[in-house]
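Biologist: Could you take me through one helix of this model in close detail, starting with the side that faces inward? After that, I'd like to hear how the rest of the chain fits around it.

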Amino acid sequence: MDIFCLYPGAKRKAFTLSYDDGICQDRRLVALFNQYKVKATFNLNSGRQSYANGWTHACGLEIRHLPAEEIVALYAGHEVAVHTVNHPHLESLSPAEIIAEVRNDKRALEDRFGAVVEGMAYPFGTYDHRIPAILEKEGILYARTTKQTLDFSIPDEFYAWDSSCHHNYPGLLPLAQEFLSTDQELALFYVWGHSYEFDVDNNWDNMEDLLTLVSGKEDTWYATNLQICRYLTAMRELKVQGGKLVNPTNTPLWVEVDGEVQVI
Ligand SMILES: [Zn+2]
């Protein structure tokens, strides 16, 4: 039996985005994502979500967090995920402090959005060996780092989910071209960043060029981080038993068996 795993709807690849810190430039970014019909995950610090919070970038640009009253409507149709309450270096905290940073952010976001929040991006991208087990206990299913793989691989370990690249990677558009022609099984193109960087670097065109290239493709699943995590986690449960494919989960799994598409 020749088995080739597919994404939902028999899509051969997936594209996702992840943006951090809930800042005012997300307004323009979300408008772009909606225009091109792609899905993203926004990682928010519930303790900072106020226009009064911000900082001045070295280039002189004032960077402000979005007011909490605005975020539910803004991020509609996308995923919101934990980025901790106060954006600390988690590895410098005690277990109790780590739990509070994660649990309280998750609860605050769940209260505001009226939805279960199960994703996370590590503040500064850093963590240590204690943290994945804490996240699992707190009901977090995955956490994104700030490392880039420069390929389309799916993570071995969802608490160490590296992106394909940051949007400022100089080879972003060549990598996007490569994605269009890859035939890798379960190819995933994952781009992350901070929306204020487009103002700092004056390169909103980069994102538009990327979205122009990768959006609207029949063979691509445009999904949030959580949708992809859940699907791939279920896919890992698929097994062959007595010459038959068995799916022990309640997620329908799409596969090509000897060249024929099946939903298991
Ligand atoms: Zn951050």
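Modeller: **Helix H5 and its surroundings**

Let's start with helix H5, residues 172–181, where Leu172, Leu175, Ala176 and Phe179 are buried. These four sit on the same side of H5, because they cover an arc of only 105° around the axis. Turn to the face pointing away from that buried side and you find Pro174 and Ser181, which are exposed. Keep in mind that this is a predicted model.

What lies over the buried residues of H5? The cover includes strands E2, E9 (165–166), E10 (187–193) and E11 (220–222), along with H7.

One residue of H5, Phe179, leads us straight to Phe15, since the list of residues that phenylalanine 15 touches has Phe179 in it. Leaving out residues up to four places away in sequence, Phe15 also touches Val38, Phe189, Val191, Leu210, Leu211, Val214, Thr220, Trp221, Tyr222 and Ala223. Phe15 is also one of the residues that touch the most other members of the largest nonpolar core, together with Phe33, Tyr75, Phe189 and Met207. That core has 51 residues, and its largest share, 6 residues, comes from helix H7 (residues 204–214). Apart from it lies another core, of 25 residues, with Ala81, Leu186, Tyr190 and Trp221 among them. As background, nonpolar side chains tend to be buried together in soluble globular proteins.

Helix H1 (residues 26–35) makes a nice companion to H5. Its buried residues are Asp26, Leu29, Val30, Leu32 and Phe33. They too lie on one side of their helix, because the arc they cover around the axis of H1 is only 160°. The buried residues of H1 pack against strands E2 (13–20) and E3 (40–44), and against helices H2 (68–74), H6 (196–200) and H7. So E2 and H7 turn up again: they help cover the buried residues of H5, and the buried residues of H1 pack against them. Just after H1, lysine 37 takes a positive phi of about 55°.

Now for the metal. The zinc ion has Asp21 (OD), His83 (NE2) and His87 (NE2) as its protein donors, at 2.0 to 2.2 Å. Along the sequence, the spacing of these donor residues reads D-x61-H-x3-H. Both histidines are tucked away: His83 counts as buried at 1% relative accessibility, and His87 counts as buried at 11%.

Over in helix H3 (residues 95–113), isoleucine 99 and lysine 106 are worth a look. Isoleucine 99 lies in H3 and counts as partly exposed, at 25% relative accessibility. Beyond its neighbours within four places in sequence, Ile99 is in contact with Asn104, Ile134 and Glu138. Its C-alpha atom is 9.1 Å from that of isoleucine 131, which is 32 residues away along the chain. Lysine 106 is found in H3 as well, and is buried, with a relative accessible area of 12%. Again leaving aside neighbours within four places in sequence, Lys106 is in contact with Val82, Val117, Glu138, Gly139 and Ile140. Glu138, then, is a contact of Ile99 and also of Lys106.

Further along the chain, helix H8 (residues 225–235) holds cysteine 229. Cys229 is buried, with a relative accessible area of 2%. Not counting residues up to four places away in sequence, Cys229 touches Leu141, Tyr142, Phe158 and Trp161. The C-alpha atoms of Cys229 and glycine 119 are separated by 9.0 Å, although the two residues are 110 residues apart along the chain.

Stepping back to the whole protein, there are 8 helices and 15 strands. The radius of gyration is 19 Å, close to the 18 Å that the globule rule gives for 264 residues, so the protein is as compact as a globular protein of that length. Taken along the principal axes, its C-alpha atoms fill a box of roughly 60 × 45 × 30 Å. Buried residues make up 51% of the 264 residues. Among contacts with a separation of 6 or more, 67% come from residues 24 or more positions apart. As for the surface, about 11,800 Å² is exposed, with carbon and sulfur atoms supplying 49% of it.

Note on methods: Residues are numbered from 1 along each chain as its sequence is written. This is a predicted model: local features need pLDDT of at least 70, side-chain atom pairs count only at pLDDT 80 or more; totals for chains, interfaces and linings use all residues. Side-chain values use heavy atoms; hydrogens and water are left out. A nonpolar core is a set of buried Ala, Val, Leu, Ile, Met, Phe, Trp, Tyr and Cys residues joined through side-chain atoms within 4.5 Å. Buried means under 20% relative accessible area, exposed over 50%, partly exposed in between (1.4 Å probe, protein chains only). Helices (H or I, at least four residues) and strands (E, at least two) are DSSP runs, numbered from the N terminus. Contact means heavy atoms within 4.5 Å. The arc is that of the directions from the helix axis to the C-beta atoms. Donors are N, O and S atoms within 2.8 Å of the metal (3.2 Å for Na, K and Ca); water is not among the atoms, so sites may look incomplete. The radius of gyration is taken over C-alpha atoms; the globule rule is 2.2 Å times the number of residues to the power 0.38. Accessible areas come from the Shrake-Rupley method with a 1.4 Å probe; for residues, only the protein chains shown count as cover.
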